[in-house]
Every structure is written in C-alpha cells, then in structure tokens.
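Open the model in your viewer and keep the sequence panel beside it. This tour says what to select at each stop and what is there.

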Amino acid sequence: MPETPHPAAPPAADSASEQPSAPEPGEAGDPHAGLRGRPLRSFVLRAGRLGTGQQRALADLGPQYLLPYAPRPLDLDAVFGRHAPRVLEIGFGMGDATAQVAAAQPGTDFIGIEVHQPGVGAMLKHIGALPLSNVRLLQHDAVEVLAHMIPPGALTGVHIWFPDPWHKKRHNKRRLIQPDFVAALITRLAPGGYLHAATDWQPYAEQMLAVMNAEPGLVNTAGSGYAPKPDWRPLTKFEDRGLKLGHGVWDLLFHRI
Ligand SMILES: C[S@@+](CC[C@H](N)C(=O)[O-])C[C@H]1O[C@@H](n2cnc3c(N)ncnc32)[C@H](O)[C@@H]1O
C-alpha cells in the first residue's frame with residue numbers, strides 16, 4: 001500500500017498522503033505527469049520497495065492475472081473465460097480483504113484496481129497462494145479504467161473500502177467520492193447492482209453519504225443513513241489501523257435503481 005494510510009499518531013496531523021510537499025498533478029515532480037486527462041488524482045504515487053516475493057509474483061503471475069491498461073472496453077467473458085457476476089474494487093491496498101472475499105465467493109469474478117505496485121505484487125501472491133482463478137488486476141487510475149475499460153452495466157457490485165481520506169480541506173477535492181465520479185461509476189453497474197463504500201474518517205463518511213443520497217440513480221439500503229457492516233466484508237488493513245487509532249467506521253450500501 002502506498003504511504004498514504006493513517007499516521008502513526010492520531011490524525012490531528014494529516015496522513016502522509018496530505019504532506020504539503022506532495023506535488024500536484026502536472027507540477028514538477030509529479031510522478032504521474034504522463035497520465036493526463038483528469039485535473040486532480042485521488043492518489044500520489046510514492047516509491048515503495050518491492051519485496052522479493054512480490055517481485056516474483058509480478059514476474060510469474062502478472063502475465064496471467066494483471067491486465068494491461070488500454071483505453072478500450074474489456075471483453076470480460078473472454079478475460080475470465082466464463083459469464084459470471086462481476087465485482088470491481090477500487091484501491092485494494094495489499095489485497096488481504098480482496099483475497100478473502102474472492103475466496104469466499106468463487107462464483108463471482110473480481111476486478112481489483114490499485115496503483116501501488118507493491119500492493120499489486122502482494123495481491124498476486126494471494127492469487128498464487130490460495131489459489132484464486134476469479135480475480136484479475138489492473139495497476140492504473142481507477143477513474144480511467146472505469147471510463148474506458150469497463151462496459152456499461154457490466155458490474156453487479158463496486159467496493160470502495162477506505163479510500164484515501166485526504167484530511168486537509170484544501171485536499172478534499174482529491175477525494176474519489178464526488179458527484180461526477182459517482183454518476184459515471186453507476187453507469188457501469190447493472191440495474192440492482194450495489195455500491196459499497198466504507199471509511200474511518202467521519203468528515204469523508206458525511207461527504208460520501210451526502211453525495212450518494214443525492215445521486216438519483218442510487219437508493220440507500222439504510223434509509224438515508226449509514227448501513228451496518230455487512231458480515232461478508234472482512235476487516236481491511238487500513239480499517240484495522242484506524243480502529244487501533246480509535247477511529248469509528250462507517251459503511252454505506254446503495255443499489256442502482
Ligand atoms: C487508504 S488505502 C486503503 C487500501 C485498502 N482498501 C484497505 O482498506 O486496506 C487506499 C488505496 O487506494 C489506492 N487508490 C487511490 N486512488 C486510486 C485510484 N484512482 N485508482 C486506483 N487506486 C487508487 C491507493 O493507492 C491506496 O492503496
């Protein structure tokens with residue numbers, strides 16, 4: 001996972017993802033300067049050391065399970081070699097929760113998107129170890145993957161678990177869950193498909209709730225409030241760190257009308 005998670009101290013200070021030294025996209029030093037098309041990204045790529053196991057997994061399993069980014073729609077039946085319900089996860093981190101869910105639901109295909117290479121390597125290790133045949137990964141900005149690679153109505157579910165909170169007010173605009181993004185995302189859901197988000201940062205939870213409640217294509221499964229944590233959602237690494245810092249957790253579960 002990138003060095004974006006919780007700070008070691010309680011978050012009166014902001015997370016590493018909020019460091020003022022982080023270059024804005026397009027600024028000198030922006031590591032993603034070649035990837036234009038969106039004014040602000042929801043992540044900052046930082047150098048992360050690849051473990052030897054992650055390196056080996058990338059070399060051995062990457063060719064089979066890591067899909068190259070290309071700005072054209074995927075033929076998902078061809079990718080998975082079957083027709084099945086499909087769930088997309090944005091920002092799987094090190095993939096521990098993703099692997100648990102995919103192992104528990106072998107009849108569903110999972111598309112995991114993560115920009116941080118050590119996380120992709122770690123998830124490939126899970127794929128090899130369990131093993132999992134119902135998972136494919138993409139190492140690219142999920143906003144672009146959704147716009148260009150996922151066909152309309154192709155998904156039965158979307159998971160956005162503990163997206164980078166971007167604590168500082170001036171960075172709030174980098175948050176993934178914004179009205180335009182949610183409106184674009186739900187076009188990829190089949191009718192009745194679900195959008196499940198969770199966060200441990202209350203101001204972001206409130207933003208998520210306001211954005212999703214206001215989206216006319218979505219219906220809140222919990223009236224107008226937060227949902228109980230579904231039994232099938234595992235504890236994630238980021239959530240665990242948040243709980244240890246005394247944070248609360250807010251789940252949101254909506255269906256596409
Ligand atoms: C705070 S971490 C949470 C990881 C994991 N879901 C967990 O709960 O442990 C958020 C993750 O989202 C990834 N991320 C943020 N924006 C992204 C984007 N636009 N596309 C793909 N991944 C993204 C980051 O690299 C980071 O690993």
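## The whole chain

Of the 257 residues of the protein chain, 39% count as buried. Keep in mind that this is a predicted model. Colour by secondary structure: the protein chain shows eight helices and eight strands. Now consider contacts between residues at least 6 apart in sequence: 77% of these join residues at least 24 apart.

## The sheet

Select the strands. Eight of them form an open sheet, and its pairing is mixed. Trace the order: β1-β4-β3-β2-β5-β6-β8-β7. Go to the edges, where β1 (66–67) and β7 (218–220) stand. Each has a single partner strand, so one side of each is left without a neighbour in the sheet.

## Strand β5

Select residues 155–161, which make up strand β5. Is this strand largely enclosed or open? Six of its seven residues are buried, so β5 is largely enclosed by the rest of the structure.

Add residues 86–90, strand β2. β2 and β5 pair in the parallel sense, over three bridges. For one pairing, pick Val87: its bridge partner in β5 is Gly157.

Next, add residues 189–199, strand β6. β5 and β6 also run parallel, paired over six bridges. Stay on Gly157 and look across to β6, where its bridge partner is Tyr194. Then click His159, which stands opposite His196 in β6.

How does the chain get from β5 to β6? Show residues 179–186: the chain passes through this helix, α6, on its way to β6. The β-α-β crossover is right-handed.

## A helix on the sheet

Return to the sheet, with its order β1-β4-β3-β2-β5-β6-β8-β7. Select residues 96–104, helix α3, which packs on the sheet. Helix α3 touches β2, β3 (109–113), β4 (135–138) and β5. The direction of α3 makes about 170° with that of β3.

## Around the ligand

Finish at the ligand. There are 27 residues around it. Which come nearest? Select Gly91, Gly93, Ala142, Thr236 and Phe238.

Now colour the shell by residue type. The shell divides into 15 nonpolar, seven polar and five charged residues.

Last, show two helices, α5 (142–148) and α8 (237–244). Each supplies at least two residues of the shell around the ligand. Helix α8 gives the most, with three residues.

Key
Residues numbered from 1 in each chain as written. Predicted model: local features only at pLDDT ≥ 70, side-chain atom pairs only at ≥ 80, totals over all residues. Near = placed C-beta within 6 Å. Helix = DSSP H or I, 4+ residues; strand = E, 2+ residues; numbered from the N terminus. Nonpolar A, V, L, I, M, F, W, Y, C, P; charged D, E, K, R; others polar. Buried ≥ 20, exposed ≤ 12 C-beta atoms within 10 Å, placed from the backbone. Pairing = 2+ DSSP bridges. Right-handed = clockwise from strand over helix to strand, strands pointing away. Contact = placed C-beta atoms within 7 Å. Axes fitted to C-alpha atoms, helices over the stretch in contact; angles between N-to-C directions.
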